[in-house]
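Pull up the model and keep the sequence open next to it. We'll take a walk through the fold, a piece at a time.

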Amino acid sequence: MRFLSHSLVIMGLTSALFCGINSAHAESIAQLKVLCLKDNATACYNLGVSYDNGDGVEQSDQRAYEYYTKACDLDEGSACNNLGLMYYNAQGIEQDYAKAAELFEKGCSLNDALSCNSLGMIYDSGVGVKLDDAQAVQYYQKGCELNSGLACRNLGMMYDEGEGVTLDDAKAIEFYRKGCDLEDSDACHNLALMYDNGEGTAEDDVTANKYYLKGCELNSAASCHNLAMSYNTGEGVEQSAAQANKYFAKSCDLGNGDACVGLGLNYERGAGVEKSYKEATELYKRGCDLESSVGCYNLGAAYINGDGVRQNDELGKKYFGKACDLGDQDGCDIYAELTR
């Protein structure tokens, strides 16, 4: 059973396709500029994305702002969303949550799915507007109907947590599934958790692993970690340390500290890999650096025992202390003992 948090993802700028125009070439940028001068909203928007991402041009928040503004004025909803995000994140301009909300509302009224999701998140958090979960649900619903996987996932979370709606696990599953079908990695992960924990459905490790796999393929670090755990223990799949290590490694590379530790433990045991305390210790260090309390604890133990590293009581104490700071009571107890 995995009990991972169902947290909202902070909004990030979208990266739009360039409608068949290769922005890597200066000629294409020039063509976009001509079209934008003629009030072609899509061209203005694509120029904004180019300057925002530094794609084919030198990155410039100011130019991105200018082109997004013109495109939004020309009723390009995606531009309104990206311009709103610039105000929300204080990207090259003074932070203004109320202005961000105004722009998200315009984009949503133009049926831009991500604008509806962004507006939902504004109401969900109460930043720039009065907190209103029911309004958040309304905008997530519209974004989901417009096929934003992120909006479907966030709508699923509202049903999952009973915020703005009556708690309904079956509805949560419905919207997580749609979000997953729309390639939102965290929707796939949350759907897997429902099956893993038997929430709104019968507990089903096989189906959980199916969605962990899809989430992992979409680069959800948490999904890769949970899939690795399934292979490690043989839950819903044939036990395979080698497969576990494959997914631990991917999750670790994606920034999941506990996955680094899981891979390290398998190196320490020689499970699916050649036994190596040195490799294990390096992975515990990666996990600790990523705020895994177990990684810090294991690294402290490695220094105290001289496993894979030169024995060093001071470094051992340091890492037990960090494990303690991260909430590991055993780390606290050992740190206290070492400081007597």
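What follows goes from the overall build to two helix pairs, then to some disulfides and a couple of single residues.

One thing to keep in mind from the start: this is a predicted model. Zoom out and you'll see a chain built with 18 helices and zero strands. If you draw a box around the C-alpha atoms along the principal axes, it comes out at roughly 70 × 45 × 40 Å. The chain has 340 residues, and 46% of them count as buried. How about contacts along the sequence? Take the contacts between residues at least 6 apart in sequence: 50% of those join residues at least 24 apart.

Now zoom in on the N-terminal part of the numbering and find cysteine 44. This residue sits in helix α2, which covers residues 41-53. Is cysteine 44 buried or exposed? Its relative accessible area is 0%, so cysteine 44 counts as buried. Look around it, skipping residues up to four places away in sequence, and you'll find that cysteine 44 touches Cys36, Tyr67, Lys70, Ala71 and Leu74. For a feel of the span of the model, jump from cysteine 44 to arginine 286: they are 242 residues apart in sequence, and their C-alpha atoms are 43 Å apart in space.

Ala71, one of the residues touching cysteine 44, also takes part in a helix pair. Helix α3 runs over residues 61-73 and helix α4 over residues 77-89, and their axes come within 8 Å and cross at roughly 140°. With that angle, α3 is oblique to α4, because only angles over 145 would count as roughly antiparallel. The crossing of α3 and α4 is left-handed. On the α3 side, the contact is made by Asp61, Ala64, Tyr65, Tyr68, Thr69, Ala71 and Cys72. From α4 come Ala79, Cys80, Asn82, Leu83, Met86 and Tyr87. Sort the contact of α3 with α4 by class and you get ten nonpolar, two polar and one charged residues.

Next, slide along to helix α10 (residues 185-197) and helix α11 (residues 205-217). How are these two arranged? They pack at an angle of about 165°, with their axes 8 Å apart. An angle like that is over the 145 degree cut-off, so α10 and α11 are roughly antiparallel to each other. The crossing of α10 and α11 is left-handed. Which residues of α10 meet α11? They are Ser185, Cys188, His189, Leu191, Ala192, Leu193, Tyr195 and Asp196. Their partners in α11 are Asp205, Thr207, Ala208, Tyr211, Tyr212, Lys214 and Gly215. By class, the α10 and α11 contact holds eight nonpolar, four polar and three charged residues.

Now for the disulfides. How many does a search of the whole structure find? The search turns up nine disulfides. We'll visit three of them here.

Begin with the disulfide between cysteine 216 and cysteine 224, where the S to S distance is 2.1 Å. The angle about its S-S bond is 95°, and the link is right-handed. Both ends are tucked away from the surface: cysteine 216 is buried with a relative accessible area of 2%, and cysteine 224 is buried at 0%.

Further along, cysteine 252 and cysteine 260 form a disulfide, with their sulfur atoms 2.0 Å apart. The torsion about this S-S bond is about 95°, so the disulfide is right-handed. Cysteine 252 and cysteine 260 are buried as well.

The third stop joins cysteine 288 to cysteine 296, at an S to S distance of 2.1 Å. This link is right-handed, with 95° about the S-S bond. Cysteine 288 has 0% relative accessibility and counts as buried, and cysteine 296 is buried at 0% too.

Finish with alanine 336, which you'll find in helix α18, residues 329-338. Is alanine 336 buried, partly exposed or exposed? At 39% relative accessibility, alanine 336 counts as partly exposed, because buried means under 20% and exposed means over 50%. From there, look back to lysine 317: the two residues are 19 apart along the chain, and their C-alpha atoms are separated by 9.0 Å.

Technical notes:
Residues are numbered from 1 along each chain as its sequence is written. This is a predicted model: local features need pLDDT of at least 70, side-chain atom pairs count only at pLDDT 80 or more; totals for chains, interfaces and linings use all residues. Side-chain values use heavy atoms; hydrogens and water are left out. Axes are lines fitted to C-alpha atoms, for helices over the stretch in contact, and angles run from 0 to 180 degrees between N-to-C directions. Helices (H or I, at least four residues) and strands (E, at least two) are DSSP runs, numbered from the N terminus. Angles under 35 degrees count as roughly parallel, over 145 as roughly antiparallel, 65 to 115 as roughly perpendicular and the rest as oblique. A crossing is left-handed if the near helix is turned anticlockwise from the far one by less than a right angle, and right-handed if clockwise. Contact means heavy atoms within 4.5 Å. Ala, Val, Leu, Ile, Met, Phe, Trp, Tyr, Cys and Pro count as nonpolar, Asp, Glu, Lys and Arg as charged, and the others, Gly among them, as polar. A disulfide is a pair of cysteine sulfur atoms within 2.5 Å. Buried means under 20% relative accessible area, exposed over 50%, partly exposed in between (1.4 Å probe, protein chains only).
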